[in-house]
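Open the model in your viewer and keep the sequence panel beside it. Each stop below tells you what to select and what is there.

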Amino acid sequence: MDINNVKKELGADWSGYHETLISALCNSNEFVSKINNYLIENAGKQLRPVLSLLSARACGEPNATSHCCAAVSEMIHTATLLHDDVADDGNLRRGVPTVKAVFGQAASILAGDYWLAQALDILTQCGKDVLACYTHAVKELSIGELIQMEKAESLDTEKDDYYSIIAKKTASLFVAAMKSGAISVGASPETIGAIEKYAYELGVAFQIRDDIFDYKPSMDTGKVAGADIKERKITLPLLCAMESSSEDQAKEIREKIAHIENTLTKGGKISGAEMEIIGQVNDFVQRFNGVAKSQAILEEHSRMAVQALAPLPQCWAKERLAELAEYVGKREK
């Protein structure tokens with residue numbers, strides 16, 4: 001699936017979203033504008049605004065509030081990435097130097113604050129129900145990241161912990177983007193519920209696929225292979241492999257990871273011995289089919305996303321949402 005084709009299909013609504021985004025970020029300061037332009041020129045797939053507008057289109061007739069909802073989803077997402085790049089000491093994202101790498105750590109933090117502040121400013125015009133969608137998502141995003149940091153220290157992540165983390169740090173913004181789009185066109189409670197279910201399942205599938213990338217170094221995903229283990233993150237491929245191994249083998253692999261000093265505390269540097277451990281963890285995941293089992297779980301979430309669309313009337317936007325559920329499960333980057 002080509003998301004750019006979906007953007008073309010959205011036509012005037014995609015243009016309305018983009019104009020709303022540009023207008024909200026407009027600033028007379030040259031340095032602020034330089035950073036904003038860099039971010040806009042190097043934007044990713046912009047999946048969340050696509051989903052927000054498709055949700056509005058599937059539920060009714062998009063309007064100016066729908067465009068605002070889409071813009072806010074992208075602005076909050078970008079703000080979290082700007083902050084994450086500082087927290088994770090990230091210098092590359094999607095193969096492109098981050099704002100942190102180009103403009104400095106402080107600029108990345110403050111630019112993230114600016115994008116978040118401008119998003120909140122837009123939300124004051126969208127009504128309390130839309131505002132509630134995004135305030136809840138921002139809370140969940142921050143809690144999810146904090147829990148993940150805690151688990152990186154304790155290394156006791158289990159599947160329930162994993163799902164709780166990705167529901168908060170990824171799926172929550174998918175839900176906010178799509179629920180707000182449905183609210184913006186006056187969708188019924190039943191329809192909004194269906195959209196929420198779809199968005200949650202899609203967000204979970206999206207994050208699982210991203211976590212699989214860490215164990216697929218041959219794929220050109222823009223993600224540094226082994227990045228999760230460098231940060232002591234125990235994700236679904238490793239959890240699935242542990243389930244298939246013996247209790248002693250699972251315990252041993254956790255003990256190996258414990259010998260990796262969290263790279264976030266020492267400027268991202270990692271020793272040769274730690275790199276060897278990362279290789280051993282990767283071999284463990286491959287030996288116990290962690291990637292294949294994770295992919296099967298991901299595809300089940302994609303199927304549940306499609307099933308959630310059943311109450312929506314048949315239209316091209318609903319068809320694209322179903323196609324996106326399949327795309328998320330198979331995307332290569």
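The tour goes from a pocket to helices, rings, loops and one buried leucine.

**Before you start**

This is a predicted model: local features need pLDDT of at least 70, side-chain atom pairs count only at pLDDT 80 or more, and totals for chains, interfaces and linings use all residues. Residues are numbered from 1 along each chain as its sequence is written, and side-chain values use heavy atoms, with hydrogens and water left out.

**Stop 1: the second largest pocket**

Select Leu39, Asn42, Ala43, Thr78 and Arg94. Of the 22 residues that line the second largest pocket, these lie nearest its centre. A pocket here is an open set of points on a 1 Å grid over the protein atoms alone, where a 1.4 Å probe fits, with protein on both sides within 12 Å along at least five of seven lines; lining residues have an atom within 4 Å of a point. The volume of this pocket is about 300 Å³, counted as the space filled by probe spheres set on the points, which are joined across faces, edges and corners.

Now colour α2 (12–25), α3 (30–41), α5 (64–87) and β2 (96–97). Each supplies at least two residues of the lining. Helices (H or I, at least four residues) and strands (E, at least two) are DSSP runs, numbered from the N terminus. Which helix gives the most to the lining? It is α5, with 6 residues.

The lining divides into 11 nonpolar, 7 polar and 4 charged residues. Nonpolar covers Ala, Val, Leu, Ile, Met, Phe, Trp, Tyr, Cys and Pro; charged covers Asp, Glu, Lys and Arg; the others, Gly among them, are polar.

**Stop 2: two loop residues**

Stay with Arg94. It sits in the loop between β1 (92–93) and β2. Its phi is positive, about 55°, although it is not a glycine. Most residues other than glycine have a negative phi. Arg94 is partly exposed, because its relative accessibility is 41% (buried is under 20%, exposed over 50%, partly exposed in between; 1.4 Å probe, protein chains only).

Next, select Gln46, in the loop between α3 and α4 (47–59). Gln46 is not a glycine either, and has a positive phi of about 55°. Is Gln46 buried or exposed? It is buried, at 15% relative accessible area.

**Stop 3: aromatic rings**

The whole structure holds 6 aromatic pairs. Rings of Phe, Tyr and Trp (its six-membered ring) pair if their centres lie within 6.5 Å; planes under 30 degrees apart are stacked, over 60 edge-to-face, and the rest tilted.

Show Trp14 and Tyr17. This pair is tilted: 4.6 Å centre to centre, 50° between the planes. The two are 3 residues apart in helix α2, so about one helical turn separates them. Trp14 is buried at 13%, and Tyr17 is buried at 0%.

Then show Tyr162 and Tyr163. They form an edge-to-face pair, 5.7 Å centre to centre with 70° between the planes. Tyr162 is buried, at 3% relative accessibility.

Last here, select Phe31, Tyr38 and Phe103, which form one aromatic cluster.

**Stop 4: a kinked helix**

Select α9, residues 159–184. Its 26 residues should span 38 Å (1.5 Å times one less than the number of residues). The end C-alpha atoms are 35 Å apart, which agrees. Look at Ala171: a kink of about 50° is centred there. The bend at a residue is the angle between axes fitted to the seven residues ending there and the seven starting there. After α9 comes Gly186, with a positive phi near 70°.

**Stop 5: Leu298**

Finish in helix α15 (residues 290–308), where you find Leu298. Leu298 is buried, at 0% relative accessibility. Add Ile3: the two are 295 residues apart in sequence and 20 Å apart in space, C-alpha to C-alpha.
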